[in-house]
There are 2 protein chains.
Amino acid sequence: MSTIKDIAAEAGVSVMTVSNVIHNNYARVSPATAQRVREIMARHQYVPNMAARSLISKFSHIIAVLLPVWHGSAASMLLDPYTGQLVGYLEELLREKQYYVMVCSFQQADEVLTLQQTWQMDGMILVLPHEDAITRDLIQRAQAPLVVFDRYYEDLPMLSVCLNDRLGGYTATRYLLEKGHRKIGFAAPTIYESSVIQDRFQGYLSALSEYHLQTKKDWLFDGVVHQEGGEAVAHALSQMSDRPTAIVATEDLLACGILKGCQERGMQVPEDMSVVGFDDSMPAQLITPRLTTIAQDIRQKAATGVQQLFHAMEDATYRNAHAVLDIRLVERQSVWDIRHAGAGADS
Amino acid sequence: MSTIKDIAAEAGVSVMTVSNVIHNNYARVSPATAQRVREIMARHQYVPNMAARSLISKFSHIIAVLLPVWHGSAASMLLDPYTGQLVGYLEELLREKQYYVMVCSFQQADEVLTLQQTWQMDGMILVLPHEDAITRDLIQRAQAPLVVFDRYYEDLPMLSVCLNDRLGGYTATRYLLEKGHRKIGFAAPTIYESSVIQDRFQGYLSALSEYHLQTKKDWLFDGVVHQEGGEAVAHALSQMSDRPTAIVATEDLLACGILKGCQERGMQVPEDMSVVGFDDSMPAQLITPRLTTIAQDIRQKAATGVQQLFHAMEDATYRNAHAVLDIRLVERQSVWDIRHAGAGADS
DNA sequence: AAAAAAAGTGAAACCGGTATCATGAAAAAC
DNA sequence: GTTTTTCATGATACCGGTTTCACTTTTTTT
């Protein structure tokens, strides 16, 4: 563990010369000296100390990837296949640019602010697989550039990356309508508190209204999450007299729970109950029947967020941007075509 | 962003006194002074700078959680529900002790060593959802305490946390035998290169030998991974004349792929093909029929690893420990009882 | 040939803490 | 009453880099 001084001493130059070599400051050091210093560094396996560097330069090269603790269970924060994949891509993209990822669960904005200060974090990325209460607070009080995934507030300057969620909700619903469904429900972890789910919901409503249809209060399932939530929905459906023939679910795992719950309660899927999910994550391929879902390009999403972050780190005036990414429908077998009572999606 | 000097100046004391207050060094500062300084720190929202601290103290309070890049695709590194959950628990446990998690994907030991040096990482945790080539190299060359999950080398001093994998393989196989199965296959991402899978395999073999049975070369599926791998196994099975009646698969997703692939090829599951998985991760509950699997306590696993790590950080002689955690069989519906041809596991 | 500019290098201060040791005052021991 | 010990606090060096600026030497300009 040699320091810059050891290298300088061995090369017979000052530490400044070594520093200039490290930073490829060609204008300030002769090629011959640079070459000699580089060899000595290689031989010693010299690596600069980030603590010393960031102490004076004020750049830590650390990016916080913030994962809100959900329902008091920090443990499940990365369980979500979508979140895991997104974090994986973020790490990859940031590392390319010599930035490093610190994953941090948190419950309050204060925690994050303290964290940011202690580590002098250059930027922060908020990954929101689910609803949380503190995003707004954090956006307003953040001391470093902050990019938020899957949430936006129109009245707040912020950097965000979302999907075209309205189109997503619309596309899912429209697809069901075109397959002949007229009684279509909607299930989500929280319909009214999340901007993106609200958008999906609005898309759902507008597709219905194009067919001069309305939703029904009983067909709206709010506060249902993951597979358990989906099974609860299935239970409710099984008890219902005027039951919808299809459900739009805002996450795949929820959709899978509905399918599975319906099956276990003796319904045929998709014949008796069709479902469209969101995300195209791993469960979509695992469930029988395979899930028709609104897919997103997670890698592109990560790249967009990183781009925004770096833009903001370079330009202090860039603090308001809202990226909206495309979605696409992935057609599989979880939707029944009730027009000709054909077999699944491809009839 | 006030510094320790600002606080000291305002309190009319030296920086050392402030430092002692921060570290609750009761013996070195009077209660009255401590109180006064604390108030000023609170008012300024003072937070110590980790870079400055670690520069001199040599403790960064950073723990690297290393995730090997798998098949050149960094992206999928956290996709695995098991890995995600483990990382989540690790973050939670480390944060409690004021240590912070840097997630790092990597391909070569050199990368890690460089990383460890630049950040002066206090410790490293290697999470190995799958086989990799460089673990051995890394263990030998690590400059900081390193805890390895799910891998061990008998000839190398190292800190590791594994399951009782031999018992796991044995239990899964024994269970199938007791349900009347006599033709039992084994599927794994790599049977011969991973210590833990080798253990599971040995457990499988020893259970068979208790019944005076042997495996058959055709019933061993090596190099099959995830759902796709499982579906490939299913394909192979469907082509087979003398086909096993049950398979032990070393990961849930693989097991699920087999079940799903068999279904799609017209077999009845579990009637025509029973499967036992490993991990009890999310897919186990999602598949139809729900998967019988060898479960592990991931939280306990994380806690054990963290414990080893801290022990090693405090005691430089503690560099060789091998924790073996219990497993348990979770009985669900993916195994057919062929003795009385009853319905599923509970007949 | 003298003056100006550029290139190459180094000295010293500095970032924000911690470690070490010194200092002065009060308390305890003799 | 003097000496010793304890207690509370401070002065200073230091960690390993970067920034700033000064200093030579060489090259270019006039």
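This dialogue covers a domain interface and one threonine in a predicted model.

Trainee: Into which domains is chain A divided?

Mentor: The assignment gives domain 1 (4-48), domain 2 (62-163 + 298-325) and domain 3 (165-296). For domain 2 and domain 3 of chain A, the C-alpha centres lie 28 Å apart.

Trainee: How is the size of an interface often given?

Mentor: A common figure is the accessible area lost when the parts come together. Here domain 2 and domain 3 of chain A bury about 1200 Å² between them, and 59% of that is on carbon and sulfur atoms. On the domain 2 side, the elements that give two or more residues are helix H5 (81-96), strand E5 (159-163) and helix H13 (298-314) of chain A. By class, that side has seven nonpolar, one polar and four charged residues.

Trainee: How many salt bridges and polar contacts are there between domain 2 and domain 3 of chain A?

Mentor: The salt-bridge count is zero. Five residue pairs are in polar contact across the interface, both residues at pLDDT 80 or more. In terms of contacts, twelve residues of domain 2 of chain A meet 15 residues of domain 3 of chain A.

Trainee: Turning to a single residue, is Thr293(A) buried or exposed?

Mentor: Thr293(A) counts as buried because its relative accessible area is 0%, where the cut-off is under 20%. Thr293(A) lies in strand E10 (residues 292-295) of chain A.

Trainee: Which backbone atoms lie 3.1 Å from a polar atom of the Thr293(A) side chain?

Mentor: One is the backbone oxygen of Gly277(A), and another is the backbone nitrogen of Phe278(A). Beyond its neighbours within four places in sequence, Thr293(A) also contacts other residues, including Asp252(A), Val276(A), Arg328(A) and Leu329(A).

Methods
Residues numbered from 1 in each chain as written. Chains lettered and ligands numbered in written order. Predicted model: local features only at pLDDT ≥ 70, side-chain atom pairs only at ≥ 80, totals over all residues. Heavy atoms only, no water. Domains from an automatic or database assignment. Contact = heavy atoms within 4.5 Å. Buried area = accessible area lost by both parts, 1.4 Å probe. Salt bridge = Lys/Arg side-chain N within 4 Å of Asp/Glu carboxyl O. Polar contact = N/O pair within 3.5 Å; in protein donor to acceptor, adjacent residues only side chain to side chain. Helix = DSSP H or I, 4+ residues; strand = E, 2+ residues; numbered from the N terminus. Nonpolar A, V, L, I, M, F, W, Y, C, P; charged D, E, K, R; others polar. Buried < 20%, exposed > 50% of the residue type's maximum accessible area, 1.4 Å probe, protein only.
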